[in-house]
Amino acid sequence: MIHRLVIILVTAQTLMAGENLSLEEALRRAKTNNFDLLQARYETDYARGDKNKSYSVFLPQITLSEMAITTTDPLNVFGFKLKQEIVAQSDFNPTLLNDPKRIDNFTTKIEFKQPLINPDGLWGKSAAHNALNAMEQKEMRTGFYIEFAVKAKYYELVLARQSLAVIDKSLEAARANRDLAKNYFDQGMITQSDFLFADVRLLDLENKKNETENSIKNTNEALKLLLGIDNYEEIIPTDSLEPPKSLNFLKSIENINNDRSDMRAMKSGMLASQQMIRMQEFKFLPSLNAFGSYEWNDKKLFGTGGKNWMVGAMLKWDIFTGFDQVGEIQKAKAKYQLAKNAYQQNRLKNKNDLETALRNLETAKKKITLTGKAIQQASENFRILTDRYSKGMEKTTDLLNAEAMLANAQLDYLNALYFYTMNVFMLELLSEEKITD
């Protein structure tokens, strides 16, 4: 009977219009188009930028510039003449010094700054490196979560469409029973109450069908959002719910807490927070940086008339910056405690999630077995009552109850398969490993 049910459901599924989509294709599309996954990739790129920026603590900064000035300012006019190496004896004439002619000056300049000793920058670089590791692991975890979400919505859609097929089948039987009841009622073989009961059963199924169709539309939209699909075409899943298979789940809670990508991300985040504390503390120490420049001054653009250079070093020590630095240390320590607390919470949550998923899996297996037997018994019961009812040996209410019992058993079986499938996917999400063949 179950085999026949599956054939009917698959046949009904293929008759519906829309875009056929396998689970494998859905996962491939999600990997490319899912908005949350794209967001995680951009956040990783942002962290990668921070890491590259942290190299400035070692590497020199070199700047090339060209500046044009025209002026009659006495000091600048004399200064630019010195820089252009064109000062003459006549330039010391007080009249010319006080009221000089306009001068044009083009400065071509190369400057460099070389960090020498910046202990806070070293810790900042390490923190940026671990922050990038954390974002990479977070992106990986987002990928696993999106995969789970797609599977959940995909099979929710499968469940809804297969449930609709069951309801349609029941509707077909309910209409036949209602017509038969009407015929019996017209002949005076059953009461009006029996006939109305058959009509109520039909209306109840039509209401269920309406609700299920609405559920299909909602799930369809939710799945398309996960896949980044922007059209009005309906998705028709080509996979179906299947009976339990052998599982290969060997992960312990310790393995999960140590190896899973989100836990590794949290560890890297904690390490980055610790290094940020050290970075803020080391800002109390002095820093030493070298600098220098080489420039050309000329009356022409990019000219190389007058040359000069300068090299120097600066030791800088912020003795007191209000409480700015103290506040930064407090913020860094609080951030570390937040990360540590979240890590401890997740360790415990993982344990609860794992035990819950394993319990649910066993419950689902038993339910599949029981609902499978219920379908067989309800089918046989419905067959016997239908035969007896046609001979006027059973009440209409008994026949309708038997039909409803069969439909409910079939729906319970589908729900049990879905519940089992979801818990298998949950175990895969928790372990980040495929546990089915």
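**Briefing on a predicted model**

The mean positions of the 57 positive and 57 negative charges of the protein lie 4 Å apart, where Lys and Arg count as positive, Asp and Glu as negative, and His and the chain ends are left uncounted. Each charge is placed at NZ of Lys, CZ of Arg, CG of Asp or CD of Glu. This is a predicted model, in which local features need pLDDT of at least 70 and side-chain atom pairs count only at pLDDT 80 or more, while totals for chains, interfaces and linings use all residues. Residues are numbered from 1 along each chain as its sequence is written, and side-chain values use heavy atoms, without hydrogens or water.

**Overall form**
- The radius of gyration of the protein, taken over C-alpha atoms, is 39 Å, whereas a compact globule of 437 residues would have one near 22 Å by the rule of 2.2 Å times the number of residues to the power 0.38.
- The C-alpha trace spans about 135 × 50 × 40 Å along its principal axes.

**Burial**
- Of the 437 residues in the protein, 38% are buried, meaning under 20% relative accessible area with a 1.4 Å probe and protein chains only.

**Helix α11**
- The protein has 11 helices and six strands, which are DSSP runs (H or I, at least four residues, for helices; E, at least two, for strands) numbered from the N terminus.
- Helix α11, residues 396-431, reaches 53 Å from its first C-alpha to its last, close to the 52 Å expected at 1.5 Å times one less than its number of residues.
- In α11, 27 of the 36 residues are buried, and just after this helix E432 takes a positive phi of about 60 degrees.

Note on methods:
Buried < 20%, exposed > 50% of the residue type's maximum accessible area, 1.4 Å probe, protein only.
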